[in-house]
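Work through the exercises below with the model open. Each task is followed by a solution in steps.

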Amino acid sequence: MRTRRISLLACLGLVLAPASYAACDPDDVQFYLDKGFTQEQITKICSIDDSDVPEYTPFEPPKVVIERATPRSQRGDTARGERTAHTNMDLSAFTDTERNAVETLVAGADVLGLMVDQDSIQYTKQACLEVHNDPDFPQDLSLCPEVDYRILREGLGVGRYGREYGIFGKATITIEGRIQRFPQQNFGDYPKKYQQKLKPHFNWNTRSKSTRIPIKSGHTATQLAAALKTLTRAQEARATATKEAPRKQEKKDRWWNPFD
C-alpha cells in the first residue's frame with residue numbers, strides 16, 4: 001500500500017510539475033492522499049491558478065461619524081460652489097450689536113457657508129463617514145453628505161451647550177426652534193448601518209425642533225450662545241416694533257384737531 005502511494009505521489013509530481021500547476025507541493029499532495037482524495041480530485045485542486053486573486057482584506061465596520069466643515073475647494077466640488085460668505089451678506093439693516101453677533105457665529109460655528117438675514121440663520125452641516133473595503137457601500141454615495149439648514153430667528157432658543165463629555169469631546173451648542181432641513185443626498189440610498197450613524201447628526205427625516213452645531217477650536221460654546229441670544233432679542237424687538245407701529249398710528253388718527 002505504501003509503495004502504491006509513493007508511485008501515485010511520483011505520478012502526481014510529474015503531472016503538477018509545470019509552473020501553471022504549482023499550487024501544491026509534495027506535502028499538500030500527501031495531505032490530500034491521507035484524506036482519501038483521488039488522483040483526479042487532487043489534480044483539479046492543484047491546478048487552480050490563484051495568482052490573479054486579490055489579497056483578502058477583512059471588512060471593517062463603519063466608524064463613528066466625524067462632524068466637520070471641509071472647504072469645498074479641498075474636495076473638488078466646484079459645481080455648486082461656496083455658499084454666500086459673510087462679506088456678501090447684506091447687514092445694512094442690522095445694528096452694530098447684531099453685526100458683532102453675526103461675526104462671532106461665522107468665525108466660531110464649524111459649519112459651511114453660514115449666513116444670517118433678518119428672518120433666519122442658514123448654513124450647511126456636513127458629517128463624514130470612514131468606510132473601508134465595504135462591498136455594501138455604493139461607490140457613488142458621498143462619504144461626506146450634507147444637509148442645508150434654515151432656522152427662523154423668531155422664537156429661536158438656545159439649549160444645552162458645552163463639550164460633549166464634560167471637559168472632553170467636541171464643543172457643541174443646541175439650537176431650538178423652527179428648523180427646516182434640506183438634505184443634499186437621498187439618505188435612503190445609504191445602507192441601514194450607515195443611516196444609523198448619520199441620523200443622530202442630521203435627523204433628516206424628522207420634525208425635530210432642535211439641532212446641534214459643532215464649534216471650531218479656539219472658540220467657546222458660551223460665545224456662540226451669547227451671539228444667538230443677541231440675534232433672538234434683536235428679532236423680537238424688531239417684531240414688537242412692527243406690531244406696535246400700526247397701533248400708534250391708529251391712536252394718533254383718533255386724536256384730531258377740530259380747528260384744522
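**Exercise 1. The chain as a whole**

Task: determine what share of the contacts with a separation of 6 or more comes from residues 24 or more positions apart.

Solution. Contact means heavy atoms within 4.5 Å. Among contacts in the chain with a separation of 6 or more, 71% are between residues 24 or more positions apart.

The model is predicted: local features need pLDDT of at least 70, side-chain atom pairs count only at pLDDT 80 or more, and totals for chains, interfaces and linings use all residues. Numbering starts from 1 along each chain as its sequence is written, and side-chain values use heavy atoms, with hydrogens and water left out.

Next, count the elements: the chain has 7 helices and 8 strands (DSSP runs numbered from the N terminus; helices are H or I with at least four residues, strands E with at least two). Then take burial: 32% of the 260 residues are buried (under 20% relative accessible area; exposed is over 50%, partly exposed in between, with a 1.4 Å probe and protein chains only). Finally, the chain exposes about 16800 Å², of which carbon and sulfur atoms supply 52% (Shrake-Rupley method, 1.4 Å probe; for residues, only the protein chains shown count as cover).

**Exercise 2. Strand S3 and its partners**

Task: establish how S3 is enclosed and which strands pair with S3.

Solution. Step one: strand S3 covers residues 120–128, and 8 of its 9 residues are buried, so S3 is largely enclosed by the rest of the structure.

Step two: strand S2 (residues 112–116) pairs with S3 in the antiparallel sense over 3 bridges (pairing requires that DSSP finds at least two bridges between two strands). In this pair Met115 stands opposite Gln122 of S3. With 3 residues between them, S2 and S3 form a hairpin.

Step three: S3 also runs antiparallel to strand S4 (residues 146–152), joined by 7 bridges. Here Tyr123 is opposite Tyr149 in S4.

Step four: the loop between S3 and S4 holds Asn133. Asn133 is not a glycine, yet has a positive phi of about 50 degrees. Most residues other than glycine have a negative phi, and most peptide bonds are trans. At a relative accessible area of 48%, Asn133 is partly exposed.

**Exercise 3. The two sides of H6**

Task: sort residues of helix H6 into buried and exposed, and state where the buried ones lie around the axis.

Solution. Step one: in H6 (residues 192–202), the buried residues are Tyr194, Gln195, Leu198, His201 and Phe202. They span an arc of only 125 degrees around the axis, which puts them on the same side of H6 (the arc is that of the directions from the helix axis to the C-beta atoms). An α-helix has 3.6 residues a turn, so residues three or four places apart point the same way.

Step two: Lys192, Gln196 and Pro200 are exposed on the other side of H6.

Step three: just after H6, Asn203 takes a positive phi of about 50 degrees. Asn203 belongs to the loop between H6 and strand S8 (210–214) and is partly exposed, with a relative accessible area of 22%.

**Exercise 4. Thr232**

Task: is Thr232 buried or exposed, and which residues is Thr232 in contact with, leaving aside neighbours within four places in sequence?

Solution. Thr232 sits in helix H7 (residues 221–254). Its relative accessibility is 9%, so Thr232 counts as buried. With neighbours within four places in sequence left aside, Thr232 is in contact with Arg153 and Leu156. The Thr232 side chain reaches the backbone oxygen of Leu156 at 3.4 Å.

Methods:
A polar contact is a pair of N or O atoms within 3.5 Å; within protein, one must be able to donate a hydrogen and the other to accept it, and residues adjacent in sequence count only if both atoms are side-chain atoms.
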